Amino acid sequence: MKMTDLLAKKRDGLPLSTEEINYMIQGYTDGSIPDYQMSAMCMAILLRGMDEREVLDLTMAMVHSGEVLDLSPIAGIKADKHSTGGVGDKTSLVLCPMVAACGLKIAKMSGRGLGHTGGTIDKLESFPGFTTELTEEQFFENVNRHGIALMGQTADLAPADKKLYALRDVTGTVPSIPLIVSSIMSKKLASGADVIVLDVKCGDGSFMKTPEAAEELARNLTRIGRLAGRRCAAIITDMDQPLGTAVGNALEVREAISVLSGEDPDGDLMRLCLALGSCMLTEAGFAASREEAEQLLRDAVSSGRALDKLAEMVRAQGGDDAAVYHPELLPQASVTCEVPSLQAGTVSRIHAEAVGLVSMGLGGGRAKKEDRINPAVGVVLHKKLGDVVQEGESLATIYAASEASAAEAVEKLRRCYEFSSGPVERPPFIRKIL
Ligand code: URA
């Protein structure tokens, strides 16, 4: 088999066979197929597409490029969740304890943040001592004993995706549905959960700018998951503004704790967690309908079991759980300041990605993999889409490590907002459940 023949085939819009896809992924992972040929293949796939059989073959070839986690030492059904990424997305911190408090086991691999979106691991590391560096045995034992564990993604999980994603990032080939689906699903399938729920974002701050594109991605993700033998559901949610109010690691943990404590029961974050959680519980057979599942989840919150489950997980992974009940013990920024609005009006737009960059500029995110983050810094928004603002009223609070970085963030944050003189209609936040 020759890669040049495969390139010519895909260039001409022909499907690649299972053997050809396996040969290509194996060769790229072991280095025998060079970056320049794989770049051309990614572009051919982006332009010509792939049929469903090819996407499934590509996904499975990537799954088998590395370690495949066998979760069978954990009793019962195991669930996992994936989000296509967003600013202020602290969903896992709320959703996972809530679902685990209903008895469904959460075995989740998470990543660190890079660029304007934060990673769940970075957020959880705001709890002093908390670690996600668990061995496989510890991970299994924690899920068996506590019903929940979050582990850092191991280097050997879908290594083909790691190489391919880095290549796509610099060759203009990220926005291809077959490539996105195989990338996301290879990692999820290799992580071993029986139930996979996907939060597909659409809008300004996400890859999929339109609801139609997001729905196409969501349908493809769930289809491939089901063909691979897993129970899958997807939710399409709006990302035209940051999720909730906090952007920044410890600040997002604080917000997650307040939502898990039952404050803001009808806010976007809680609604999203209820929607994702009810998909998880129904797919796992823990509830007969989404309504019944939602009631189970609300009971877990109102009884305090969901918050206790977060504390249990933090303790089991070496963290100081006192901060779960006393969030003032979380890392605190040395400088705080308000962002007074320079005009009156109704908030018509908040540039989500730009808000993420403000937090990153304060030290809350990484520009490079090796950068250290400051867990205390970030932004808490007081005004969201559709809110009426008076001149001089605070749009947000900045949490910074120095007066100079705070002053710079105030200016940048103001530029994230746009106003209109009339009322502003918010698009539906949860657009579809598939
Ligand atoms: N997230 C991934 O893991 N892969 C993609 O290709 C896009 C988003």
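Trainee: What makes β10, β8 and β12 an open sheet of three strands?

Mentor: The strands stand in the order β10-β8-β12 with antiparallel pairing, and β10 (388–389) and β12 (417–420) are the edge strands, each pairing on one side only. Strands here are DSSP runs (E, at least two residues), numbered from the N terminus. The model is predicted, with pLDDT of at least 70 needed for local features and 80 or more for side-chain atom pairs, while totals for chains, interfaces and linings use all residues. Residues are numbered from 1 along each chain as its sequence is written, and side-chain values use heavy atoms, without hydrogens and water.

Trainee: How do you know that strand β8 pairs with β12?

Mentor: Two strands pair if DSSP finds at least two bridges between them; four bridges join β8 (residues 345–350) to β12, so the pairing condition is met. Val347 stands opposite Phe419 in β12.

Trainee: Why is the approach of Lys187 to the ligand called a polar contact?

Mentor: A polar contact is a pair of N or O atoms within 3.5 Å. An oxygen atom of the ligand is 2.4 Å from an N or O atom in the side chain of Lys187, so this pair qualifies. A nitrogen atom of the ligand is 2.6 Å from an N or O atom in the side chain of Ser183, and therefore that pair qualifies as well.

Trainee: Which element gives the most to the shell around the ligand?

Mentor: That is α9, with four residues. The shell residues divide into four nonpolar, one polar and two charged, where Asp, Glu, Lys and Arg count as charged, Ala, Val, Leu, Ile, Met, Phe, Trp, Tyr, Cys and Pro as nonpolar, and the others, Gly among them, as polar.

Note on methods: Polar contact = N/O pair within 3.5 Å; in protein donor to acceptor, adjacent residues only side chain to side chain.
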